Protein chains: 2
Amino acid sequence: VKRVLVTGGTGFIGRNVLGGLVERGFEVHATSRVVKDGAEPGIRWHEVDLTDEGAVKVVLKQVSPTHLLHLAWYVEHGAFWSSAENVRWVAASLNLLLRFRESGGKRAVIAGTCAEYQWSHEDLTESSSPVVPSTLYGVSKDALRRVAMAFAEGAGIEIAWGRIFFLYGPHEHPARLVPSVTRHVLRGELARCSDGEQVRDFLHVRDAAGAFAALLDSSTTGAVNIASGVAVTIGEVVGTIGRIAGRPDLIGLGRIPRAPVDPDRICANVEKLFEGTSWRPEFSLESGLRETMEWWRREEGSGDAPAETGASEGDMTARSVIK
Amino acid sequence: VKRVLVTGGTGFIGRNVLGGLVERGFEVHATSRVVKDGAEPGIRWHEVDLTDEGAVKVVLKQVSPTHLLHLAWYVEHGAFWSSAENVRWVAASLNLLLRFRESGGKRAVIAGTCAEYQWSHEDLTESSSPVVPSTLYGVSKDALRRVAMAFAEGAGIEIAWGRIFFLYGPHEHPARLVPSVTRHVLRGELARCSDGEQVRDFLHVRDAAGAFAALLDSSTTGAVNIASGVAVTIGEVVGTIGRIAGRPDLIGLGRIPRAPVDPDRICANVEKLFEGTSWRPEFSLESGLRETMEWWRREEGSGDAPAETGASEGDMTARSVIK
């Protein structure tokens, strides 16, 4: 039996990955700090604070998962780049991994980040691109990966490390790029953007979740980029949002300066992901942005819409960089 | 007031550092899992398991140290290179550092290792030598350092990282090189050694403790080699032991093969330590080995001598290396 424990089961990726794991034949257990009524059926939920070592021990002993998909982390918008919580989550993740091994675990997939790389113009490649993180978030994920991979070799377990690039989709924080621009346009308001010439790899969150499920169900190990492999400019992304809403006039490119740290290009080589799994993205940029816009339209209509934030360009890259 | 918490206060370095810190005007608190009667006077002892997060929180709140000297780690002879305990100690050390900061801490010195470096023929230098650890122990210390240094910058605290090379002196594990050869010679038994051509940097543990105290009391930050700066061969070390015992005939060089991983040269550039502190080693190799031999003579005579171990050459380098 394949039994997986998914951490961060109610998170941005986590909520989209559970069904796919059930379809792949996993008995799916998921953790969240708070499990609300109406959480996804067919899933065994465990309410646990992963920074509480004692509680983690109990859950791992109880579940004895063969597989671990560790998505949980501190992700507070704006704060996560440099918060001390990153340090706490390195410790919590190492404890989780030790308990996973102790309870008989065999294979883990852990969420990493493109912020581990030294951002450069080339397509970032697992086997060759320099790993030189410049934020506490990137340093923390990188350090966790280093220890996890060295531990895995001696402990006889497999670990794959999914480096996430730029995601968008339903439930994204409203201050980030796609939600912010989408909501401005839906309200008939001008979305003030930077020059839009930055090149990025964008992936719909359900595709990212599919990639994580496929990676967990494969035998690929080590770092693996989780991305579409398609380079687009921010201008193309926001232009597409304006076009599908029928309001290209509301896309105000060049109206605000770029963030202090906002590299020209952050794109992924996805050969390893494509060779190691049969996963391929299902959304095009246009279909993904349409689906996301529909979700925001329903969300705004429901009266539960989150409060507006000041800036209209999302928190795409690090605000605070280690010297 | 300068108030320091020393972890591993009863360990190999820790037991030698406390008095020097008192002399430097610190109010000295020390932790150990077990504090025996007769532990050093003038020191405030705290019995605590540092892998118990709750207990660490209590002690740090109680002591509110301005300084932290973190020497504790898993050091089980032979096992420490590849034990999963290294992973636990990364987590424990990160929790300790967070609690230190929360309780108002300003400056920490943490024990690192020469095993963080890629071992090579050049003198290993903090600012230029490649950091490519090849053991779980080295990877774990390296990862802790990466997170600690990035955290320190954002948290407004200072951290220096003391990379320990090859130490010897009283209370060293009897299976290691200097104790093993010393005890064989004291008993009139042949000490079987390898070819002895390996070049190392040896430092008496009391000198290492002095270097740590000086580093803590300085404003130097980042990685700092803790070493003598003097390169000697293993042959010179064991030859000196034979000579000062008056039994050079008992030094059997070339009688056993080298360990599978036993680099030709592991030596330190000590410019940064010498520039950042006024510390200089007090022992020469000969005076240090004499002092150590006297200690073993008393120890063996006391009837409390540890049981003999098989090999006569100590565990100098990693037995288990990450591929």
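Helices (H or I, at least four residues) and strands (E, at least two) are DSSP runs, numbered from the N terminus. The exercises below use these labels on a predicted model.

**Exercise 1. Place B:His171 and describe its backbone and exposure.**

Step 1. Find the residue. B:His171 sits in the loop between strand E7 (166–168) and helix H5 (177–186) of chain B.

Step 2. Check phi. Most residues other than glycine have a negative phi. B:His171 is not a glycine, yet its phi is positive, about 75 degrees.

Step 3. Classify the exposure. Partly exposed lies between under 20% (buried) and over 50% (exposed) relative accessible area. B:His171 has 38%, so it is partly exposed.

Step 4. Turn to chain A. A:His171 has a positive phi of about 75 degrees. Its place is in the loop between strand E7 (166–168) and helix H5 (177–186) of chain A. A:His171 is partly exposed, at 37% relative accessible area.

**Exercise 2. Work out the strand order of the open sheet in chain B, and say which strands stand at its edges.**

Step 1. Read the order. The 7 strands run E3-E2-E1-E4-E5-E6-E10. Their pairing is parallel.

Step 2. Pick out the edges. Strand E3 (44–47) and strand E10 (222–226) of chain B each have a single partner strand, so one side of each lacks a neighbour in the sheet.

Step 3. Add the twist. Neighbouring strands are turned by 20 degrees against each other on average, direction ignored.

Step 4. Zoom in on one pair. In chain B, E1 (residues 2–7) and E2 (residues 26–32) run parallel and are joined by 5 bridges. Within this region, B:Val4 stands opposite B:Val28 in E2(B).

**Exercise 3. Find which strands of chain B are touched by helix H4, and which helix lies across E1, E2 and E3.**

Step 1. Start with E1, E2 and E3. Helix H2 (residues 53–63) of chain B lies across them, at about 160 degrees to E1(B).

Step 2. Move to H4. Helix H4 (residues 136–155) of chain B packs on the sheet and touches strand E5 (107–113), strand E6 (158–164) and E10. Its direction makes about 160 degrees with that of E6(B).

**Exercise 4. Determine how chain B is related to chain A.**

Step 1. Superpose. A rotation of 180 degrees, with 0.0 Å of shift along its axis, brings chain B onto chain A at an RMSD of 0.0 Å.

Step 2. Name the relation. The two copies are therefore related as by a two-fold rotation axis.

Step 3. Locate the axis. In chain B, the C-alpha nearest the axis belongs to B:Ala91, 2.0 Å away.

Step 4. Compare the surfaces. 100% of the interface residues of chain B are also interface residues in chain A, so the copies meet through the same surface.

Notes. Residues numbered from 1 in each chain as written. Chains lettered and ligands numbered in written order. Predicted model: local features only at pLDDT ≥ 70, side-chain atom pairs only at ≥ 80, totals over all residues. Heavy atoms only, no water. Pairing = 2+ DSSP bridges. Axes fitted to C-alpha atoms, helices over the stretch in contact; angles between N-to-C directions. Contact = heavy atoms within 4.5 Å. Buried < 20%, exposed > 50% of the residue type's maximum accessible area, 1.4 Å probe, protein only. Least-squares fit on C-alpha atoms with pLDDT ≥ 70 in both.
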